[in-house]
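Biologist: I should like to go through the pockets of this model with you. Could you put it on the screen?

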Amino acid sequence: MSILQELEKSLQSDAPSYMEFLYRYDPKKKQVFAFYEGDEDSSFYHHILKGTLDSDCELEEIVAGCKNNVLKLQREFDWSIYNSKQIIFFVDRDLSYWLGNSDQYGENVFVTDEYSVENYVANPQGFRAWLVHFEGFARARKQEIDSMVTEYASCEAIFRKVMMPIMAQAVVAKRYNSSISLNDFKITSKKNLLLGVEEGHITFEIRMEKRILEKWKLTSQNHEEITTQIKLFESERKHYSVRGKWILCFMAEIGEYMRLNPKTFAPSLSGTGKVSPTCSVPTAQCLSALAPYCAKQVPRRLEEFLNNTYQIYFTEVS
């Protein structure tokens with residue numbers, strides 16, 4: 001391996017994050033640390049964490065690059081030296097339950113309720129914020145916005161059901177090859193999401209491209225295993241959730257479709273024939289854009305987690 005390859009491998013490891021921690025850590029200061037998988041995670045958690053801090057406490061946030069790096073960091077800390085209530089870690093649940101992987105990593109590791117952090121934003125509350133603050137519906141009548149949110153909630157429920165086969169394919173593919181990328185499949189209106197409207201209600205169809213199945217190395221021989229996995233989803237609903245990025249993209253596409261069809265969804269704004277977006281946000285950046293509007297209500301498990309970590313630390317140092 002060349003020196004450049006060694007350097008690149010080092011940058012992709014957890015070492016730079018730990019070095020960054022050592023640079024920022026000051027035992028004389030009142031400070032707390034949060035380690036995240038990626039940049040977008042911090043956009044959601046940051047607003048919640050800031051709201052829990054004492055006024056004289058500094059929040060230090062470090063992005064480790066991936067889930068494995070976050071968990072490796074947590075394992076390698078010497079907790080006889082550092083305070084585990086002061087240093088916390090955030091990871092996505094992903095497919096851990098269905099793949100038989102443990103999601104119990106330690107008292108200072110928070111694991112999302114559903115698939116990933118995006119699931120906290122992809123909901124009717126997030127959709128309302130998407131319509132009003134980004135899609136240009138701020139001047140629409142409240143009744144129209146309420147109706148659009150109700151329509152989305154109905155679509156979301158159907159989407160969760162419709163996505164079971166694709167989620168099952170993801171589980172089976174990951175079971176045989178953990179390195180396959182679920183990013184190969186994207187929810188976009190130009191590729192595999194077909195949107196329409198019938199009698200004032202949105203209709204949609206999700207299509208899985210053959211090339212994706214080939215990339216995931218799935219064939220007709222996997223059919224029985226995929227069918228069994230779908231049945232497991234249905235019998236263990238509390239553990240089933242759609243991949244966060246997929247459901248968030250679906251939500252964004254529904255909002256965009258409504259914007260392009262104002263006569264159906266917001267007649268009060270249809271005088272000009274179109275509604276201009278307030279702010280153009282790429283689907284991939286929806287989480288960062290919506291996080292401030294969706295982090296006002298702290299998820300119950302996250303609140304309990306913070307009470308058992310940061311709040312205990314504040315009591316210890318006060």
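Biologist: Which helices each supply at least two residues of the lining of the largest pocket?
Modeller: Helix H3 (39-52), helix H4 (67-76) and helix H10 (244-260) each do so. Helices are DSSP runs of H or I with at least four residues, and strands are runs of E with at least two, numbered from the N terminus. The model is predicted, so local features need pLDDT of at least 70 and side-chain atom pairs pLDDT 80 or more, while totals for chains, interfaces and linings use all residues. Residues are numbered from 1 along each chain as its sequence is written, and side-chain values use heavy atoms, without hydrogens and water.

Biologist: Where does the largest share of that lining come from?
Modeller: H10 gives the largest share, six residues.

Biologist: What volume does the largest pocket have, and which residues are closest to its centre?
Modeller: The volume is about 1200 Å³. Of the 40 lining residues, Asp94, Tyr115, Asn183, Arg243 and Lys245 are the closest to the centre. A pocket is an open set of points on a 1 Å grid over the protein atoms alone, where a 1.4 Å probe fits, with protein on both sides within 12 Å along at least five of seven lines; lining residues have an atom within 4 Å of a point. Points are joined across faces, edges and corners, and the volume is the space filled by probe spheres set on them.

Biologist: Turning to aspartate 94, where is it found?
Modeller: Aspartate 94 is in the loop between strand S3 (87-91) and strand S4 (109-111). Its phi is near 55 degrees, a positive value in a residue other than glycine.
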